[in-house]
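This briefing sets out the main computed features of one protein chain. Please consult the sequence and the coordinates alongside the points below.

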Amino acid sequence: MKQAHIFINQLYELKQKLKLEQIEQKVERNLNRLFNTLEEEGYICKDPMGEAYNETRTDCEATIIGKVSNTLMITQVIKPVIYKRENNELTLLQKGVVMVESK
């Protein structure tokens, strides 16, 4: 799948919109099957929501909202982190695009 990251981004965005509308549970099984199929092909989609963020983190590009502090948390994910597993090696295909705020 040459443009897998585009497909994964669209699928992730769809999942977020369904969650916002509170209807994700109606199609959760279908979404999980799609994500599992991608994972079987070696693609790993990681949602870093709620994780700690610091400047040394290399898998995300962040926009800081509000005050800068020593304790930042990812509060919004625009694009997930995408990896590809081949021959027992994990390669970063796409950095996550996130918003971070002070805890």
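In which loop is the place of Gln22? Gln22 sits in the loop between helix H1 (4-20) and helix H2 (24-40). The model is a predicted one, and the points that follow describe its overall make-up before returning to two residues with positive phi.

**Architecture**
- The chain contains 2 helices and 7 strands.
- Read from the N terminus, the order of elements is α-α-β-β-β-β-β-β-β.
- Along the principal axes, the C-alpha atoms occupy a box of roughly 40 × 35 × 20 Å.

**Packing and surface**
- Of the 103 residues in the chain, 28% are buried.
- When contacts between residues at least 6 apart in sequence are considered, 60% of them link residues at least 24 apart.
- The exposed area of the chain is about 7300 Å², and carbon and sulfur atoms account for 48% of that area.

**Charge**
- The chain carries 15 positive and 15 negative charges, and the mean positions of the two sets lie 2 Å apart.

**Backbone at two loop residues**
- Gln22 is not a glycine, yet its phi is positive, at about 60°.
- Gln22 has a relative accessible area of 64%, and it is classed as exposed because this value is over 50%.
- Asn87 likewise is not a glycine and has a positive phi, of about 50°.
- The loop that holds Asn87 runs between strand S5 (81-86) and strand S6 (89-94).
- Asn87 is exposed, with a relative accessible area of 74%.

Terms used: Residues are numbered from 1 along each chain as its sequence is written. This is a predicted model: local features need pLDDT of at least 70, side-chain atom pairs count only at pLDDT 80 or more; totals for chains, interfaces and linings use all residues. Side-chain values use heavy atoms; hydrogens and water are left out. Helices (H or I, at least four residues) and strands (E, at least two) are DSSP runs, numbered from the N terminus. Buried means under 20% relative accessible area, exposed over 50%, partly exposed in between (1.4 Å probe, protein chains only). Contact means heavy atoms within 4.5 Å. Accessible areas come from the Shrake-Rupley method with a 1.4 Å probe; for residues, only the protein chains shown count as cover. Lys and Arg count as positive and Asp and Glu as negative; His and the chain ends are not counted. The place of a charge is taken as NZ of Lys, CZ of Arg, CG of Asp or CD of Glu.
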